[in-house]
Structure formats: C-alpha cells, structure tokens
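Here's a quick briefing to read alongside the model. Have the viewer open and follow along.

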Amino acid sequence: MSFDIIFVLPYVFSDHPSFPEGLLKRALESHGFSVGIIEQPFWQSKESFSRLARPNLFFAIISGPMDSMVLNYTSLRKRRREDLYQPDGRAFFEDYPPSIHYKIRPDRTLMVFSNRIRETYKDVPVVIGGLEASLRRFAHYDFQQDKLRRSILLDSRAQLLVYGPGEKQIVDIARNLKRKTCIEDLALPGTAKIVQRIDPDLPATLLPTFEAIQSDPGLLLQTQLLIDRAMHQNHCIVQPHADRYLISYPPASYTSSDLDDIYGLSYTRTHLNSRISSPALQMNRFSITTHRGCGGGCSFCSIRAHEGRRIISRHPDSIVQEISKLTKHPNWKGSISDLGGASVEMYAGECNQKECRRASCLHPDQCAQHSFAKAYSALLSRCRKIKGVKKIFVGSGTRYDVLLTAPDLLEQIMRHHAGRFLRVAPEHTENHILSLMRKPPFERFEAFVDLFNAINRKLKRKIELAAYLIIGHPGENRQDVTNMKNKLRALGVSILDAQVFTPSPGTLSTAMYVSGLSPTLKSLTIPKEIKELTRRKKIIQ
C-alpha cells in the first residue's frame, strides 16, 4: 500500500488532539488523504526512513510538541535521561551497543530526519513543522552549541516549513501537490521557504542578514523585535542568508469553526503501535483544549512564536460534545485532567482589532478590548453538569493577574477544579526582572495572595499555593534571588518550583541573553556560569 503523506516522528504516535501528529493526521484523513507513520526510526541509518517506501505526495517531519534540544537537555546543559513522549519515558534505543547509547530523539531532530530522507529520496518533497520549526524558522541562537545558527530550512534542506499548529496548511499543501503544483511555487499563509530572489514590490519586513547577526549578535534583539511587529501586522518577513532568502508568509487564519471541526474529529486517545503508554499520553489522555493563542506576550515564552498572540476559542457546544465522547471511552474513570489552553481564563477573550502593535494584551496593563474570565467561568459551570463527569481539573497555566480581577472565577477554581495545589507563575519578585519578562509587578502578586488566602479561609478543603519561578533570567543578580526567597517566605508561599532560564530559540528573552541588552537597549547583567546558576537555584530550594 502506498500513502499520500508519510509522517516521520522520533517518538510513538499518539492519536490524541493534544498532540500535533494526531491533529494533523486526522485533518488530512478527513479530506481524503492517506497517511503513513514512521515512528522512532533509527536515525543513524537511512534505511529506517524507507520502511513505507516513497509517499505519493510528500514526507512530513514532526519533532514533537517541544523543541528537541529542550527535551534532550536541561537548562544546565545536562543530558536528560528520560523522554516523556516515549513508552515508559525511555530515551535511548535498546537494540544497539550500550557504549554508543543513541537517543531515540536526535538533537535538532528536524535537521537530522530531513537530511536522512533526502539521502534516500532526492526527488520527494520534505515538509517540516511543529514547535521546533516555528522557533528555528529564522536565524536563531542554539543554547547547547552556544552559537547562532541559520534558518533550519537551510540546514534541513526541506522544501517547506509550516509554522503554527498547521492543520490548514498541511491540507492545502496536500491539495496543491495532488494537483501537480510544484512545491517550490507554493506561497501559503503559515509557511516559510528558501528562494533565490525576492520580488522588490513584495510588501515585507526585511530582517538583518544572518551574516550580519553572526558578526554582531546584538542585532538578534533588533531582529526579534522586527519579527514580533511584523507578525502583528500580518506582513511577509524576509531574511537574507548569503545569496538566498528566507521568506515567511503571514500566519494562517483560523476561526472558532475551524477549531470545532478539527477537535470534533474522532480520536482514540491511544498510541497506534504501542501498548505501553508514554508519560505524556498518560497525563493528557483525558484533557480538553478550549482555545489557542495567548495574549500574555511573556518575553521568555515560545507560545506566541508558535500559536500566536491572537486567541481563537472553540464554541462551548463543541467542547461539551467532546467531553460527552470522553465519558464513553473504555478507560474513562470520570476525571478530566485539564480543560483549557495556554492561559485558561483567556478563553473567548478574542480581540476584534485587525492590527495591534501592543506586545502584550496584559502588560503593562490589561487592554480594554479584552474581556477575560467570564466566558471560562460559564464554561466550567456547564461542563461540571455533564453526566458522567466527576471532576474537572484546571491543569493549564493560569494568569494570577487576571484572576485577581475575577475573584468569582478564582473561588470557583479553588472550590471545584483544584487538586491539593493551585499553581501560579509569578516567575520572579523583583520588578526590574518582571518588567523584562513582561510580567506584572510584584505588588499584584502580593494582592493575589491576599485574595487567595481570604477565599481559602472559607473552604472546607484547604488549597495550597504553589509558585513557578525562573532563576537566571537576563538582568538578574544573586541578590535578586535572595530577595525573592525572603519576599515569598514573608507571604507564606512555601511550595516553590524554580527552573533555570533556558534560552530557547525565537524568544525575546533569548535575544536579550545573546545581546546583553534590554529592549530599550540598556546594558544587562547576563548570568551564564552554570555553577553560579546552580547556587541561585539552591538559594530558592
């Protein structure tokens, strides 16, 4: 049997709407295309990529819901010993000499897989996508190598890159190639490619060249600010690389109805070929996605580079129908592990402005165009009443600054939808760091803790507050960490999850890390010494 499209991924395939491969496969099949799956290929051998012969249309490589380097290494550059997307979390191949110890997910997966396929099938189009593609679309900083790299399109030799979730784009690509359109001629929203020349009349934002950024890493900050602005304005973005050009087309346009259709397809919520579940599938098996996008605009976050700042929400009826299907699943026990998106209270907080130059809908203050929290509160109330649902947990991120203005929703979550802890992310306590992060000032977190405690006193089952923190963000010194520990202790917040800042590609914080400059071009202290970062983490823990 031949397949129209063959997916290649470094972990086991999950037929689940929280995983990119599940969404993309179901979207293609709903439009009549057949999809084959090559999972966990032994990437040292090109023969592993020819298990299903050549596809009729193209190969599609998906590295996963996270960047492969973030999954393979800690923020202290140590190799991870597990991979949450593999069965039982096993990160290494077992069938090869232990002295070699090959990881199932290679570093820079898209680049490795694409080059292996090109060795075997020189004339078959290769499309790369997923979060890794979105973040490494332009010239970017690679933390593990501590160097600037060019667009992953050049290093992978793929013909087309899809950024964002990508269901509409991959269907459009399949339709065009089925009509015998040359893949090099495609100019689709939500995609990027390498070209030899650019139409001088094309309305586009021109970025500094890769070679210029290599010579002056400070230009990476200017580049990131230009990308953010162009994405808001729906412009093409062009970046020269030597004698060629990367061209990124404006984002693909999705609507609420599009999401209803995509998430309304049938998913088994299992692996296709593995009886042993991955930890990631176990955690997310009975989760529900309510919306995409995040208006927070945090400097260190990769969500905006992938899903965008614009929020697109599903209609409540679509969500209720999906939950009703869950209650008939053979493994259903009555609990939904998550009902949300990037920031749960942003559900149905869409903005009608076509163009907006604000970097964040919440920083320095919430934009008046948005109405957050009310619709999500109503959705929770409705979903609790569905027959067969015993408990709905809010497992996605929550913006405490939004909950501060919505005490009724906060009480609803604490009373009905929290486990032992309510997890929030102040990230830091020092305002000069919070400003660089595009997070609210610490005074708002203090007010939130007061509100949380007041509600907690009314509850029979007490909830503990757990805080996520980032250590080592650009601009931080050791005294800032000591101050953070003392301030949180004074507030009575004792459960702390402190992570060392990871300079992931494609974020503003990473551009600060590389350039040593703030967005206002002020010089910053950049903590880079691993021993020093370890000391700071120990201060908090």
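Is Cys367 buried or exposed? Cys367 counts as buried, because its relative accessibility is 12%. Bear in mind that this is a predicted model. The points below go from the cysteines to the nonpolar cores, then on to the salt bridges and one loop residue.

**Cysteines**
- The disulfide count for the structure is zero.
- Cys298 has its closest cysteine sulfur in Cys301, but the two sulfurs are 6.1 Å apart, which is too far for a bond.
- Cys298 is also buried, since its relative accessible area is 13%.
- Cys367 is likewise in no disulfide, with the nearest cysteine sulfur, in Cys351, sitting 5.7 Å away.

**Nonpolar cores**
- The largest nonpolar core takes in 79 residues, and Leu339, Leu422, Phe445 and Phe448 have the most contacts inside it.
- Helix H17, covering residues 442-456, is the top contributor to this core and supplies seven residues.
- If you want one residue to click on, try Phe445: setting aside residues up to four places away in sequence, Phe445 touches Tyr400, Val424, Pro426, Leu465, Leu488, Leu491 and Val493.
- There's also a second, separate core, made of 34 residues, and Phe42, Phe93, Val112 and Ile128 are among them.

**Salt bridges**
- In total, the structure has 28 salt bridges.
- Asp142 and Arg108 pair up through their side chains, at 2.9 Å from N to O.
- That pair links distant parts of the chain, 34 residues apart: Asp142 belongs to strand E5 (residues 140-142), while Arg108 is in the loop between helix H2 (68-72) and helix H3 (109-120).
- Both partners are tucked away from solvent by the numbers: Asp142 counts as buried because its relative accessibility is 1%, and Arg108 counts as buried because its value is 9%.
- Asp155 makes a salt bridge with Arg150, and their closest N and O atoms are 2.8 Å apart.
- In this pair, Asp155 is buried at a relative accessible area of 18%, whereas Arg150 is partly exposed at 30%.
- Glu411 and Lys458 form another salt bridge, with 3.2 Å between the closest N and O atoms.
- Glu411 is in helix H15 (residues 407-417) and Lys458 is in the loop between H17 and strand E19 (464-471), so this salt bridge ties together parts that are 47 residues apart in sequence.
- The two ends sit in opposite settings: Glu411 counts as buried at 18% relative accessibility, but Lys458 counts as exposed at 53%.
- Beyond these pairs, a network of salt bridges links Glu476, Arg478, Glu532, Arg535 and Arg536.

**A loop residue to check: Ile198**
- Ile198 is found in the loop between strand E8 (191-195) and strand E9 (204-206).
- How exposed is Ile198? Ile198 counts as partly exposed, because its relative accessibility is 25%.
- Leaving out neighbours within four places in sequence, Ile198 is in contact with Val238, Tyr245 and Ile247.
- Ile198 and Leu246 are 48 residues apart in sequence, yet their C-alpha atoms are 9.4 Å apart in space.

Methods. Residues numbered from 1 in each chain as written. Predicted model: local features only at pLDDT ≥ 70, side-chain atom pairs only at ≥ 80, totals over all residues. Heavy atoms only, no water. Helix = DSSP H or I, 4+ residues; strand = E, 2+ residues; numbered from the N terminus. Buried < 20%, exposed > 50% of the residue type's maximum accessible area, 1.4 Å probe, protein only. Contact = heavy atoms within 4.5 Å. Core = buried A, V, L, I, M, F, W, Y, C linked by side-chain atoms within 4.5 Å. Salt bridge = Lys/Arg side-chain N within 4 Å of Asp/Glu carboxyl O. Disulfide = S-S within 2.5 Å.
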